[in-house]
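Student: I would like a close look at one part of this model, the place where two opposite charges pair, if there is such a place. Please also work outward from there to other residues that can be described in the same terms.

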Amino acid sequence: MDIIKKMLTSVSTDRRILVLLISWGFGAFLEGMAGFGTAIAIPASMLVGIGINPMRAALVCLIANSVPTAYGSIGIPLVTLGQITDIAPLQLAKYVSLQLAPLNLLCPFLIVIATGQSIRALKGVFFLTFIAGISFLIPEMLVSFFMGPELAVVAASICTMTAIIICAKTLKVTDDTYRMDINKVPVPFKKGLLACLPFILIFIFLLTTSKLIPAINQPLNLIKTSVLIYSGADASPYTFTWLATPGVLILLASFIGGRVQSASFGEMFLVLAKTIISLRNTIITIITIIATAKIMGYSGMTHEIAETAVNTTGIFYPAIAPFIGSVGTFITGSATSSSVLFGKLQSFCLRNL
């Protein structure tokens, strides 16, 4: 991360451009790859490291992370929502990309305004800010429409980082108000490549095992286990796909990348164990929420709540649907968990309108 930070901060000395690049571009990349707060914690610490006020750094990263969360951690929120509601993840990704389109354009402007604490901060970087939004929006929509949710934000973030870097190098923004004294340290290509290798491998693995390459995707999807957890009416088995799943591919990329970086398997397994221990509460939360959602679904609770909500609000239900989603995220701390808890409820309500 220190090497990647040096690479990113060598792009410009303008505070607004660096904040856009790190919080919007790199933050979205981390959200697409990992999620679960990393897209705020890591970019914010990078910004603090180059001299941005800690509160301001946290603020811009929170604003930046408000948009790509639906596609976080290799699209897990939408993939999980598709499994819960029996709606194809590809279809969900299409609708979500359309809903997020205006926000993808607006968010970079809000980041720059928050960075400069005034709308005047857009002076001199308005075009670059617009490019940061449009270069994110178009790839996200294209990937969502033709591939699904897994790589939508990853591809979009790579495109927007590339666009910001090109604009920063060609437009030569100079404004002493936002100029930062940064000690630019050149990073050798090999060193930079090794630092980015785990991310590159994840992208390659996900791309080669996606539906774009059926010869690989279809055989991997056949390696699965189905468990019948309920035998009543409308029961369906819970299916575990062992290889064609982002989690396994991320682990594989991490171990290969770590080994190339000269880390021993012992060191990597130790880090893995520490990570599992530190995330134990999150793991327990997600497991229990999935169990709760299954119980609510099979017992008829979800259907009853949905009918009550629709009967109470009628055609105005879509107006309160986002509020229900935000409550789920606030309670569980996760877009994925919120999808599990309220996804079927939302689909029932909308179908019954």
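Tutor: What follows starts with one charged pair and then moves along the chain.

The model is predicted. It holds one salt bridge. The partners are Asp14 and Arg16, whose side chains meet with 2.8 Å from N to O. Asp14 lies in the loop that joins helix H1 (2–9) to helix H2 (15–33). Is Asp14 buried or exposed? Asp14 has a relative accessible area of 3% and is therefore buried, since the cut-off for buried is under 20%. Arg16 is buried as well, so both partners of the pair fall in that class.

The surroundings of Asp14 come from another part of the sequence. Apart from neighbours within four places in sequence, Asp14 is in contact with Val173, Asp175 and Tyr178. The loop between helix H8 (152–171) and helix H9 (189–208) also holds Arg179. At 51% relative accessibility, Arg179 counts as exposed, because the limit for that class is over 50%. Arg179 gathers with Lys169, Lys172 and Lys184 in a patch of positive charge on the surface. The contrast is plain: Asp14 is buried at 3%, whereas Arg179 is exposed at 51%.

Helix H8 offers a residue to set beside these. Ser157 lies in H8 and has a relative accessible area of 0%, which means that Ser157 is buried. Which residues does Ser157 contact beyond its neighbours within four places in sequence? They are Gly25, Ala28, Phe29 and Phe136.

Two residues stand out for their backbone rather than their side chains. Most residues other than glycine have a negative phi. Ser73 is not a glycine, yet its phi is positive, about 50°. Gln117 is not a glycine either, and its phi is positive at about 55°. Their settings can be read one by one. Ser73 has its place in helix H5 (residues 72–85) and is buried, with a relative accessible area of 11%. Gln117 sits in the loop between H6 and helix H7 (126–146), and its relative accessible area of 58% makes Gln117 exposed.

The helix on one side of that loop has its own entry. Ile113 belongs to helix H6 (residues 89–116). Is Ile113 buried, partly exposed or exposed? Ile113 is partly exposed, because its relative accessible area of 24% is neither under 20% nor over 50%. Leaving out neighbours within four places in sequence, Ile113 contacts Ser118, Ile119 and Leu122. From Ile113 to Val125 the separation is 12 residues in sequence and 11 Å in space, taken from C-alpha to C-alpha.

Further along the chain there is a patch of another kind. Ile223, Val227, Ile229, Tyr230, Phe240, Trp242, Leu243 and Val248 form a nonpolar patch on the surface. Together these residues have about 650 Å² of accessible area. One of them, Tyr230, is in the loop between strand E1 (224–227) and strand E2 (238–241). Tyr230 is partly exposed, with a relative accessible area of 30%.

Two more helices complete the tour. Ile290 is part of helix H13 (residues 280–299) and counts as partly exposed at 22% relative accessibility. Not counting residues up to four places away in sequence, Ile290 touches Tyr238 and Val340. Leu197 is 93 residues from Ile290 in sequence and 33 Å from it in space, C-alpha to C-alpha. Ala309 lies in helix H14 (residues 301–313). Its relative accessible area is 18%, so Ala309 is buried. With the same exclusion of sequence neighbours, Ala309 touches Gly314, Tyr317 and Cys349. Ala309 and Leu20 stand 289 residues apart in sequence and 41 Å apart in space, C-alpha to C-alpha.

To return to the starting point, the pair of Asp14 and Arg16 is a salt bridge between two buried residues, and Asp14 is also in contact with Val173, Asp175 and Tyr178.

How values were computed
Residues numbered from 1 in each chain as written. Predicted model: local features only at pLDDT ≥ 70, side-chain atom pairs only at ≥ 80, totals over all residues. Heavy atoms only, no water. Patch = residues over 30% accessible without salt bridge, like charges linked within 9 Å, V, L, I, M, F, W, Y side chains within 5 Å. Areas by Shrake-Rupley, 256 points an atom, 1.4 Å probe, with all protein chains shown as cover. Salt bridge = Lys/Arg side-chain N within 4 Å of Asp/Glu carboxyl O. Lys, Arg positive; Asp, Glu negative; His and termini not counted. Charge placed at Lys NZ, Arg CZ, Asp CG, Glu CD. Helix = DSSP H or I, 4+ residues; strand = E, 2+ residues; numbered from the N terminus. Buried < 20%, exposed > 50% of the residue type's maximum accessible area, 1.4 Å probe, protein only. Contact = heavy atoms within 4.5 Å.
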